[in-house]
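Dear colleague,

Here is the structure we spoke about, handed over for your own work. Please look through it first; my notes on what was found in it follow underneath.

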Amino acid sequence: MNPLTKGFEGIISPDSVEANLLKKLDPIRLPQHIAIIMDGNGRWARIRKLPRIQGHRAGVKSVKSVIEYAARLTIPVLTLYAFSSENWKRPEHEVNTLWRLLRQYLRSDLVTLQQNNIRFNTIGRISELPSTVQKQLAHVIQETSSNTGMKLFLALNYSGRTELVDVFNKLLKSRNDFPIEAFDIESCLYTAGLPDPDLLVRTGGEMRISNFLLWQIAYSEIYVTDVLWPDFGGLHLLKAVHE
Ligand code: IPE
Ligand code: IPE
Ligand code: MG
């Protein structure tokens with residue numbers, strides 16, 4: 001049996017499209033790091049004549065299912081772009097709702113992270129987030145710190161350019177021998193020690209990077225789908241991996 005189908009035993013029916021896709025995957029060639037730009041919540045809500053925040057609420061469901069699915073697929077690292085540094089420019093009510101949804105998620109899903117042996121962490125300028133969010137993030141990071149399965153990173157208040165600014169400032173402070181080499185930069189990235197994403201997925205159809213992981217995606221395969229984030233689920237992730 002393909003070892004990848006093991007995590008799905010009893011969950012998907014053996015002759016489904018999903019089971020067939022799983023069988024075709026070569027475990028050796030599985031992505032070591034999948035990064036996802038989760039876009040399209042607002043449009044999902046607009047189509048349904050709902051307020052944007054309902055789109056974000058529906059988006060949380062996709063976050064949960066994709067995390068669990070990636071863990072079952074034995075993906076070593078998953079990075080989800082949840083809030084960019086540019087997203088502060090959105091209306092205050094929308095920004096506050098996003099933090100509230102994150103707090104709810106962290107409260108309700110710590111159990112699921114534990115059950116799936118997932119190690120949670122963040123990238124981005126976390127010190128600029130509301131203090132209640134920071135506290136809860138620290139709690140979940142601490143509680144999952146000895147898990148040995150998939151590493152999950154939420155990119156929060158993240159900007160690829162800011163990350164590089166932080167890298168250069170760190171290097172300027174910490175050393176007086178120059179020139180700087182590429183590996184010096186790599187060692188100071190927020191993602192230091194992680195493999196670069198070999199697969200970058202963007203939902204919502206825009207052909208843009210939106211300031212995500214600028215250094216790290218130099219060689220990533222890019223998979224853009226028109227599916228809006230709240231409609232994106234495990235099977236979509238599987239199709240992206242398959243392709
Ligand atoms: C992505 O969905 C979620 C965040 C950036 C937090 P959007 O809110 O950008 O949805 P669209 O792009 O307006 O549809
Ligand atoms: C990208 O979506 C950022 C996140 C998914 C957090 P945006 O909707 O913020 O990006 P743009 O505005 O399309 O570049
Ligand atoms: Mg968007």
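Pro-31 touches Ile-75, Pro-76, Asp-198, Leu-199 and Val-241, leaving aside residues up to four places away in sequence, where contact means heavy atoms within 4.5 Å. This proline sits in the loop between α1 and β1, and Pro-31 is buried, with a relative accessible area of 9%. The C-alpha atoms of Pro-31 and Pro-197 are separated by 7.7 Å, although these positions lie 166 residues apart along the chain count. By buried I mean under 20% relative accessible area, with exposed being over 50% and partly exposed in between (1.4 Å probe, protein chains only); helices (H or I, at least four residues) and strands (E, at least two) are DSSP runs, numbered from the N terminus.

Please bear in mind that this is a predicted model, in which local features need pLDDT of at least 70 and side-chain atom pairs count only at pLDDT 80 or more, whereas totals for chains, interfaces and linings use all residues. Residues are numbered from 1 along each chain as its sequence is written, chains are lettered from A and ligands numbered from 1 in the order in which they are written, and side-chain values use heavy atoms, with hydrogens and water left out.

Val-241, one of the contacts of Pro-31, also belongs to the buried residues of helix α8 (residues 234–242), which are Gly-234, Leu-237, Leu-238, Ala-240 and Val-241. They cover an arc of only 160° around the axis, which puts them on the same side of α8; the arc is that of the directions from the helix axis to the C-beta atoms. The buried residues of α8 pack against α1 (17–24), β1 (33–37), α3 (52–72), β5 (199–202) and β6 (221–224).

As for the interior, the largest nonpolar core has 52 residues, and those with the most contacts inside it are Ile-36, Ile-67, Leu-73 and Leu-152. Helix α4 (residues 92–115) gives the most to this core, with nine residues. Such a core is a set of buried Ala, Val, Leu, Ile, Met, Phe, Trp, Tyr and Cys residues joined through side-chain atoms within 4.5 Å. Leu-73 touches Leu-4, Phe-8, Leu-22, Leu-25, Leu-30, Leu-237, Leu-238 and Val-241, again not counting residues up to four places away in sequence. Apart from this core lies another, of 13 residues, among them Ala-35, Tyr-81, Ile-123 and Leu-194.

Turning to the ligands, the residues around ligand 1 (those with a heavy atom within 4 Å of it) include Met-38, Asp-39, Arg-52, His-56 and Leu-98. An oxygen atom of ligand 1 lies 2.9 Å from a backbone N or O atom of Gly-42, and for a backbone N or O atom of Arg-43 the distance to an oxygen atom of this ligand is 2.7 Å. The protein covers 86% of the 380 Å² of accessible area that ligand 1 has on its own, areas being computed by the Shrake-Rupley method with a 1.4 Å probe.

A polar side-chain atom of Arg-90 lies 2.7 Å from an oxygen atom of ligand 1, and one lies 3.3 Å from an oxygen atom of ligand 2. Ligand 2 also has an oxygen atom 2.6 Å from an N or O atom in the side chain of Ser-210, and the protein covers 79% of the 390 Å² of accessible area that ligand 2 has on its own.

With best wishes

Methods
Polar contact = N/O pair within 3.5 Å; in protein donor to acceptor, adjacent residues only side chain to side chain.
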